[in-house]
Amino acid sequence: MIKVLFVCLGNICRSPMAEFIFKDMVNKKGISERFYIDSAATSNYNELEKAGMYGDAKDMLRKMNVPFTEHMSRQIRKEDYDKFDYILGMEEKNVNNILKIIGDDKDNKVFRLLDFTETARDISDPWYSGDFYSAYYDILYGCENFLKYIENKNIKKL
Ligand code: 4NP
């Protein structure tokens, strides 16, 4: 089983969108049982407030027919490093904060989602920009390319 943790600052916009977009993608390919997929925050802001996914993020997923379930923000924990195979931040800041929590990335598990594309870059935060369209398409692009990478790497296992 391939275990993937998507991470952003608040775990109420980008990383839960990525979690549900990637779940939908592997589900449609009939390979969902090969994956364990979750998301988390680098901050504890929304965990403390027991926040669910942000309304505009949910609306964007509904618009794109991506199913989602109840979500509650949680902060990434040190133990997540052993639990997951891939820890995918949305931007460089996330990666730096992930490393502060988990310590050394000794097994090379931590990346930005768009590092798997031809245009490695950050996915900007729609919480601040209000641009959920760009966030959705960046995440979709990242997830498609990440899945291609996984399929090539695990060709016999998938
Ligand atoms: P996200 O966006 O990292 O994509 O979930 C944010 C959501 C909430 C906050 C910051 C970023 N916040 O400060 O509460």
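The legends below describe close-up views of a predicted model. Residues are numbered from 1 along each chain as its sequence is written, and side-chain values use heavy atoms, with hydrogens and water left out. Because the model is predicted, local features need pLDDT of at least 70 and side-chain atom pairs count only at pLDDT 80 or more, while totals for chains, interfaces and linings use all residues.

**View 1. An open sheet of 4 strands follows the order β2-β1-β3-β4 with parallel pairing.** Strands (E, at least two residues) and helices (H or I, at least four) are DSSP runs numbered from the N terminus, and two strands pair if DSSP finds at least two bridges between them. Since β2 (35-41) and β4 (110-112) are the edge strands, each with a single partner, one side of each has no neighbour in the sheet. From one strand to the next, the twist averages 25 degrees, where axes are lines fitted to C-alpha atoms, for helices over the stretch in contact, and angles run from 0 to 180 degrees between N-to-C directions.

**View 2. Strand β1 (residues 2-8) runs parallel to β2 and is joined to β2 by 7 bridges.** Val4 has Ile37 in β2 as its bridge partner.

**View 3. Helices α5 (residues 92-102) and α7 (residues 132-153) pack on the sheet.** Helix α5 touches β1, β3 (86-89) and β4, its direction making about 165 degrees with that of β4; contact means heavy atoms within 4.5 Å. Helix α7 touches β1, β2 and β3, and its direction makes about 160 degrees with that of β3.

**View 4. Asp24 lies in helix α1 (residues 14-28).** Asp24 counts as buried because its relative accessibility is 11%, buried meaning under 20% relative accessible area (1.4 Å probe, protein chains only). Apart from neighbours within four places in sequence, Asp24 is in contact with Asn65, Val66 and Pro67.

Definitions and conventions:
Buried < 20%, exposed > 50% of the residue type's maximum accessible area, 1.4 Å probe, protein only.
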